[in-house]
Amino acid sequence: MKKFKDYMNYDLNKRFFDLIILFICLIIFIVPILIISICIRITSKNSVIYWSERIGKDNVIFKMPKFRTMKVNTPSVASHLLNKPEIWITPVGKFLRKFSLDELPQLWSVFKGEMSFVGPRPALYNQKDLIKLRTKNSVHKILPGITGLAQINGRDRLSIKEKVLFDIEYLKNKRLVLDIKIISITLKKMLSTSGVIH
């Protein structure tokens, strides 16, 4: 019973923490979000937001928003798996991806409760190997995040097995103190563009 109560308290505290950070982010990023939206619209005829089908908590598919950095007819696979990914990136996309600014619309997913600020990055619906390995290790039972242990320890450079090992580590050690640490390291890596391939 105590373990269940601790689990529930963690979830409630984490949701409260997410909402506080969300409010702060909206104050800081509302102007950049507007500017980025205008830049995308000016340099490309298609939609500003790209809605990607992702795997959420309990393997439920949800629509995750990102600023569109790729051309409309880009194959629906992880960008690092594309053949010559640079040819698919829009004029503004390279800059947005370099500093992870394309992730800003995911604040909406945090607001809806489909994502947290910290957790395993949500898999694409067709990343079967990643989904299967996460499910086997109960990682699917926690909310996916905008950032996580894998993001601060290699990001695109990690293999699926390595990513899941970091996911498992987070599952076993999840605490708000750890979340704060991951967010602070993420901010530093955003400025240095560490771990970004495309």
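In this chain, residues 24 or more positions apart make up 69% of the contacts that have a separation of 6 or more. The model is predicted. Its secondary structure comes to six helices and four strands. Along the sequence they follow the pattern α-β-β-α-α-β-α-β-α-α. The chain has 198 residues, and 44% of them count as buried. About 11,600 Å² is exposed, with carbon and sulfur atoms supplying 65% of that area.

**Salt bridges**

The structure holds seven salt bridges. Three of them appear in the table, among them the pair D179 and K14.

| Pair | Closest N to O |
|---|---|
| D179 and K14 | 2.6 Å |
| R134 and D167 | 2.8 Å |
| K66 and E103 | 3.6 Å |

Begin with D179 and K14, whose side chains meet in a salt bridge. D179 lies in helix 6 (residues 176–192) and K14 in helix 1, so this pair ties together parts that are 165 residues apart in sequence. Both D179 and K14 are buried.

Next come K66 and E103, again joined through their side chains in a salt bridge. K66 sits in strand 2 (residues 61–67), while E103 is in the loop between helix 2 (93–98) and helix 3 (107–112), so the pair ties together parts 37 residues apart in sequence. K66 is buried, and E103 is buried too.

The remaining pair in the table is R134 and D167, a salt bridge with its closest N and O atoms 2.8 Å apart. It links distant parts of the chain: R134 belongs to helix 4 and D167 to helix 5, 33 residues apart. R134 and D167 are both buried. Elsewhere, salt bridges that share partners join K66, D102, E103 and R121 into one network.

**Helix 4 and its surroundings**

Which residues of helix 4 are buried? They are L130, I131 and R134. These residues cover an arc of only 100 degrees around the axis, which puts them on the same side of helix 4. A general rule fits here: an α-helix has 3.6 residues a turn, so residues three or four places apart point the same way. The face turned away from the buried side of helix 4 carries the exposed residues K128, D129, K132 and K136. Strand 1 (49–55) and helix 5 (160–173) are included in what covers the buried residues of helix 4.

After helix 4 comes S138, with a positive phi near 65 degrees. H140 lies further along, in the loop between helix 4 (128–136) and strand 4 (145–147). Is H140 buried or exposed? H140 has a relative accessible area of 15%. Buried means under 20%, so H140 counts as buried. Leaving out residues up to four places away in sequence, H140 touches G56, K57, D58, N59, R134 and T135. R134 is thus both a contact of H140 and the salt-bridge partner of D167.

**Loops with positive phi**

D58, one of the residues that H140 touches, is in the loop between strand 1 and strand 2. Its phi is near 60 degrees, a positive value in a residue other than glycine. D58 counts as partly exposed, at 44% relative accessibility.

S100 also has a phi near 60 degrees, positive in a residue other than glycine. This serine is in the loop between helix 2 and helix 3. S100 is buried, with a relative accessible area of 11%.

**The loop after strand 4**

Where is Q151? It is in the loop between strand 4 and helix 5. Q151 is in contact with R121 and K189, leaving aside its neighbours within four places in sequence. R121 is one of the residues in the salt-bridge network described above. Q151 and V118 are 33 residues apart in sequence, and their C-alpha atoms are 9.9 Å apart in space.

**A nonpolar surface patch**

Which residues form the nonpolar patch on the surface? The patch is made of F16, I20, F23, I24, I27 and I28. Together they have about 630 Å² of accessible area. F23 is found in helix 1 (residues 2–43). F23 has 57% relative accessibility. Exposed means over 50%, so F23 counts as exposed. Helix 1 is also the location of K14, the buried partner of D179.

Terms used. Residues numbered from 1 in each chain as written. Predicted model: local features only at pLDDT ≥ 70, side-chain atom pairs only at ≥ 80, totals over all residues. Heavy atoms only, no water. Helix = DSSP H or I, 4+ residues; strand = E, 2+ residues; numbered from the N terminus. Buried < 20%, exposed > 50% of the residue type's maximum accessible area, 1.4 Å probe, protein only. Contact = heavy atoms within 4.5 Å. Areas by Shrake-Rupley, 256 points an atom, 1.4 Å probe, with all protein chains shown as cover. Arc of directions from axis to C-beta. Patch = residues over 30% accessible without salt bridge, like charges linked within 9 Å, V, L, I, M, F, W, Y side chains within 5 Å. Salt bridge = Lys/Arg side-chain N within 4 Å of Asp/Glu carboxyl O.
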